[in-house]
Amino acid sequence: MAFRKFLPLFDRVLVERLTAETVTKGGIMLPEKSQGKVLQATVVAVGPGSVNQKGHVQPVSVKVGEKVLLPEYGGTKVVLEEKDYFLFRDGDILGKYVD
């Protein structure tokens with residue numbers, strides 16, 4: 001609910017990273033160091049888009065609720081009501097998952 005009080009500007013996308021797997025399918029607990037970095041996230045808020053050279057607004061390519069693939073590095077960490085979110089530019093998002 002905290003992200004409803006925060007609206008990204010321009011072509012920014014606010015995402016919430018998915019949690020890392022802590023237990024394997026066989027039931028083995030994984031320590032934090034051996035857990036891989038989670039590159040999947042859910043979009044929680046999007047900006048209106050960027051303005052091109054002709055002055056037209058280019059909308060953002062993802063929508064709220066979609067699952068996306070993030071780059072390994074980048075993004076800006078934002079803490080809203082003690083929960084971590086990340087801001088990425090629309091062009092930095094590598095892809096989205098379709099059902």
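How many bridges join S1 to strand S2, and which way do the two strands run? Five bridges join them, and the strands run antiparallel. S2 covers residues 40-46. One contact to look at is Leu 14, whose bridge partner in S2 is Ala 45. Before I go on, a reminder: this is a predicted model.

Let's step back to the whole sheet. Six strands make it up, and the sheet is open. Read across, the order is S6-S7-S1-S2-S5-S8, with antiparallel pairing. Now the edges. Those are S6, residues 76-80, and S8. Each has a single partner strand, so one side of each has no neighbour in the sheet.

Start at the S6 edge and walk inwards. S6 pairs with S7, residues 83-89, through five bridges, in the antiparallel sense. Within that pairing, Lys 77 has Phe 86 in S7 as its bridge partner. Next comes S1, residues 12-17, which pairs with S7 over four bridges, again antiparallel. Here Arg 12 stands opposite Arg 89 in S7.

Stay on S7 for a moment. Leu 87 sits in this strand. Is Leu 87 buried or exposed? Leu 87 is buried, because its relative accessibility is 18% and the cut-off for buried is under 20%. Its C-alpha atom is 5.0 Å from that of Thr 76, although the two residues are eleven apart along the chain. Phe 86 also has a charged visitor. Arg 17 lies over the face of its ring, 4.7 Å from the ring centre. As for aromatic pairs, the structure holds zero.

On to charges. Side chains of opposite charge can pair when their charged atoms come close. The count here is five salt bridges.

Take Lys 83 and Glu 16. Their side chains meet in a salt bridge at 3.0 Å, N to O. Why does this pair matter to the layout of the chain? Lys 83 is in strand S7 and Glu 16 in strand S1, so the salt bridge ties together parts 67 residues apart in sequence. Lys 83 is partly exposed, with a relative accessible area of 39%. Glu 16 is partly exposed too, at 23% relative accessibility.

Next, Lys 96 and Glu 66. They form a salt bridge at 3.6 Å, N to O. This one also links distant parts of the chain, 30 residues apart. Lys 96 is in strand S8, and Glu 66 is in the loop between strand S4 (57-58) and strand S5 (67-69). Lys 96 counts as partly exposed at 41%. Glu 66 is partly exposed as well, at 21%.

Then there is Lys 77 again, the bridge partner of Phe 86. Its side chain meets that of Asp 84 in a salt bridge at 3.5 Å, N to O. Asp 84 is partly exposed, with 37% relative accessibility. Asp 11, Arg 12 and Arg 89 belong to one network, joined by salt bridges that share partners. You met two of these residues earlier: Arg 12 and Arg 89 stand opposite each other.

Last item, the surface. Which residues make the nonpolar patch? Leu 69, Leu 94 and Tyr 97 do, and the patch is about 280 Å². Tyr 97 lies in the segment after strand S8, which spans 95-96. Tyr 97 is partly exposed, with a relative accessible area of 39%.

Definitions and conventions
Residues numbered from 1 in each chain as written. Predicted model: local features only at pLDDT ≥ 70, side-chain atom pairs only at ≥ 80, totals over all residues. Heavy atoms only, no water. Patch = residues over 30% accessible without salt bridge, like charges linked within 9 Å, V, L, I, M, F, W, Y side chains within 5 Å. Areas by Shrake-Rupley, 256 points an atom, 1.4 Å probe, with all protein chains shown as cover. Salt bridge = Lys/Arg side-chain N within 4 Å of Asp/Glu carboxyl O. Buried < 20%, exposed > 50% of the residue type's maximum accessible area, 1.4 Å probe, protein only. Phe/Tyr/Trp six-rings, centres within 6.5 Å; stacked < 30°, edge-to-face > 60°. Lys NZ or Arg CZ within 6 Å of the ring centre and 35° of its normal. Pairing = 2+ DSSP bridges.
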